[in-house]
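These are my notebook entries on one protein model. I looked up selected places in turn and wrote down what I found.

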Amino acid sequence: MAKFIVEKSGPLRGEVTISGAKNSVLPILAATLLCHENCEIEAVPDLNDVHILCSLLASLGAEVEKDIENNYVNIKADKIITNHAPEELVRMMRASILVMGPLLARTGKAAVNLPGGCAIGERPVELHFKGFKALGANVEISETGLVTATTDGLKGANIYLDFPSVGATENIIMAASLAEGTTIIENAAQEPEIVDLANFINKMGGHIRGAGTDTIKIDGVPSLRGTRHSVIPDRIEAGTFMMAAAITRGSVLIRNVLPNHIKPIIAKLRECGVEIFINDDEGILVRGDVAPLISTDIKTLPYPGFPTDIQSPFMAFLTTVQGRSVVMETVFENRYMHVLELNSMGARIKTEGKCAIIDGNKKLHGSEVIATDLRAGAALVLAGLVAEGETVVSDIYHIERGYEKFVDKLVKLGAKIKRVE
Ligand code: UD1
């Protein structure tokens, strides 16, 4: 099994270019199932999750042409040969459930195995099904966990989401795009990735308004056409590199980032004393080498609140600043798996329910740690950059699911990190 060996590195310096957003490209790739024609997607990051979803689309009958070196994928889902997503692919990636909405809308049937819980919590998907049912689908779950949704024709509906779930909002948008009549999603997720998906479907000839607010209106259309689309930059990757600059007290220019998408990260880093300069043409310069850095409190929330995906990298950073910080995780119920690992590196973090209390100014030391999930893994790599000695991070397949060329990008900034088999 591959591992990362991370050594204490000096302050990171230089510039890094952010890749296309993982959480945007996955629903966009799924949405290509909505039409018969070629969909050309640009700025596709070279990630394991992207490869898994492309395999899934191909297994359903789509023609998938990848030129991943140039971050380009062309998909033509002219013929759908099955509406049953292979279980082994769904198990490899929870986001596979995103094919359900488009399959149901396009063919009248979708069968997908329940993705199940994961390291960061139970992650139920009942809101996806609530949406499909409201649109007129029949949804059945077998004893083995196979979910089958069927319909004679979806019809627009008013859907209130009990929680602004990103995946449920995306699945409902995709299904409603080909439904008869108008759908209104209330308490919808407002993430930039929802807006990117809506823009993509609108380019295909869809009629979606209000994406990016809590009320999304979708006028269904009889069919959609092929288009070309470039994926937005990954705000979570950008945030991770901002944290890498801050934790190493370095100075890094982050290119290809949309500052509006990362307002809470910018605000919280500034509260800690990190200097951030925003230049719309150049990017965002993050300087952790100017002033002494101090603690802050964060509370994760659905967008536009502080992103849960940056909670663990931020926590790694907070272990190194002066003072005590409190983190409250409200989006996922079990997203503190990295705490044990950080404590094994000399951090002093206590958790109680949704809260974690971090005593700062700790001298971290290298240790053998496990990347329990994607973002926890990134946090451990960041901690390894400032820990005395060597940090060995295992289970790095989690990290490689979501960060394109992570090691290369860090090495270019001066980090001492290598991947070993
Ligand atoms: C997406 C992101 C993930 C991010 C998360 C929250 C992708 C591929 N992944 O995941 O990186 O951490 O948003 O910003 O875009 N929930 C329910 N019932 C449901 C659906 C969700 O209770 O039917 C709960 C989940 O258990 C979780 C919370 O809602 O506690 C957020 O989940 P959701 O917004 O759906 O996240 P994902 O779409 O899975």
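**Entry 1: Aspartate 395**

Is aspartate 395 buried, partly exposed or exposed? I worked with a predicted model. I found a relative accessibility of 24% for aspartate 395, so the residue counts as partly exposed. The reasoning needs the cut-offs: buried means under 20% relative accessible area and exposed means over 50%, with partly exposed in between. I then looked up where aspartate 395 sits, and I located it in the loop between β22 (390–394) and α13 (397–402). I also noted its backbone: aspartate 395 has a positive phi of about 60° although it is not a glycine.

**Entry 2: Lysine 405**

I next looked up lysine 405, which lies in the loop between α13 and α14 (406–412). Its phi is near 50°, a positive value in a residue other than glycine. I recorded a relative accessible area of 47% for lysine 405, so I classed the residue as partly exposed.

**Entry 3: A cis peptide bond**

Which residues does a cis peptide bond join? I found this bond between tyrosine 303 and proline 304, with omega at about 10°. I placed proline 304 in the loop between β17 (298–299) and α10 (311–318).

**Entry 4: The ligand and its surroundings**

I turned to the ligand and its shell of 16 residues. Leu127, Ser165, Val166, Asp309 and Val331 come nearest to the ligand. By class, I noted 7 nonpolar, 5 polar and 4 charged residues in the shell.

I then looked up polar contacts with the backbone. An oxygen atom of the ligand lies 2.6 Å from a polar backbone atom of valine 331. Another entry in my list is valine 166, with a backbone N or O atom 2.8 Å from an oxygen atom of the ligand. For proline 124, I found a polar backbone atom 3.3 Å from a nitrogen atom of the ligand.

How much of the ligand does the protein bury? Taken alone, the ligand exposes 740 Å², and the protein buries 85% of that area. I also asked which elements give two or more residues to the shell, and I found α5 (126–134) and α6 (166–177). The element that gives the most is α5, with 3 residues.

**Entry 5: Lysine 354**

I looked up lysine 354 and found it in the loop between β19 (348–352) and β20 (355–359). Its relative accessible area is 51%, so I recorded lysine 354 as exposed. I compared its position with that of proline 124: the two residues are 230 residues apart along the chain, and their C-alpha atoms are separated by 18 Å.

**Entry 6: The second largest pocket**

What is the volume of the second largest pocket? I recorded a volume of about 280 Å³. This pocket is lined by 15 residues, and those closest to its centre are Lys8, Ile247, Thr320, Lys363 and Val386. I sorted the lining by class and obtained 5 nonpolar, 5 polar and 5 charged residues.

**Entry 7: The cavity**

How many cavities of 30 Å³ or more does the structure hold? I found 1. The largest cavity has a volume of about 40 Å³. I listed its lining as Ala21, Lys22, Asn23, Glu193, Asp234, Arg235, Ile236 and Arg375. The elements that give two or more residues to this lining are α1 (22–31) and α8 (235–247). By class, I counted 2 nonpolar, 1 polar and 5 charged residues in the lining of the largest cavity.

**Entry 8: Aspartate 281**

I placed aspartate 281 in the loop between β15 (275–279) and β16 (283–287). With a relative accessible area of 74%, aspartate 281 is exposed. I also looked up its separation from arginine 255, which is 26 residues away along the chain, and found 8.8 Å between the C-alpha atoms.

**Entry 9: Isoleucine 370**

Where is isoleucine 370 found? I located isoleucine 370 in strand β21 (residues 368–370). Its relative accessibility is 37%, so isoleucine 370 counts as partly exposed. Finally, I looked up isoleucine 370 and valine 99, which are 271 residues apart along the chain, and I noted 31 Å between their C-alpha atoms.

Notes
Residues numbered from 1 in each chain as written. Predicted model: local features only at pLDDT ≥ 70, side-chain atom pairs only at ≥ 80, totals over all residues. Heavy atoms only, no water. Near = heavy atom within 4 Å. Polar contact = N/O pair within 3.5 Å; in protein donor to acceptor, adjacent residues only side chain to side chain. Areas by Shrake-Rupley, 256 points an atom, 1.4 Å probe, with all protein chains shown as cover. Helix = DSSP H or I, 4+ residues; strand = E, 2+ residues; numbered from the N terminus. Nonpolar A, V, L, I, M, F, W, Y, C, P; charged D, E, K, R; others polar. 1 Å grid on protein atoms, 1.4 Å probe; cavity = no way out; pocket = protein on both sides within 12 Å on 5 of 7 lines; lining within 4 Å. Points joined across faces, edges and corners; volume = space filled by probe spheres on them. Buried < 20%, exposed > 50% of the residue type's maximum accessible area, 1.4 Å probe, protein only.
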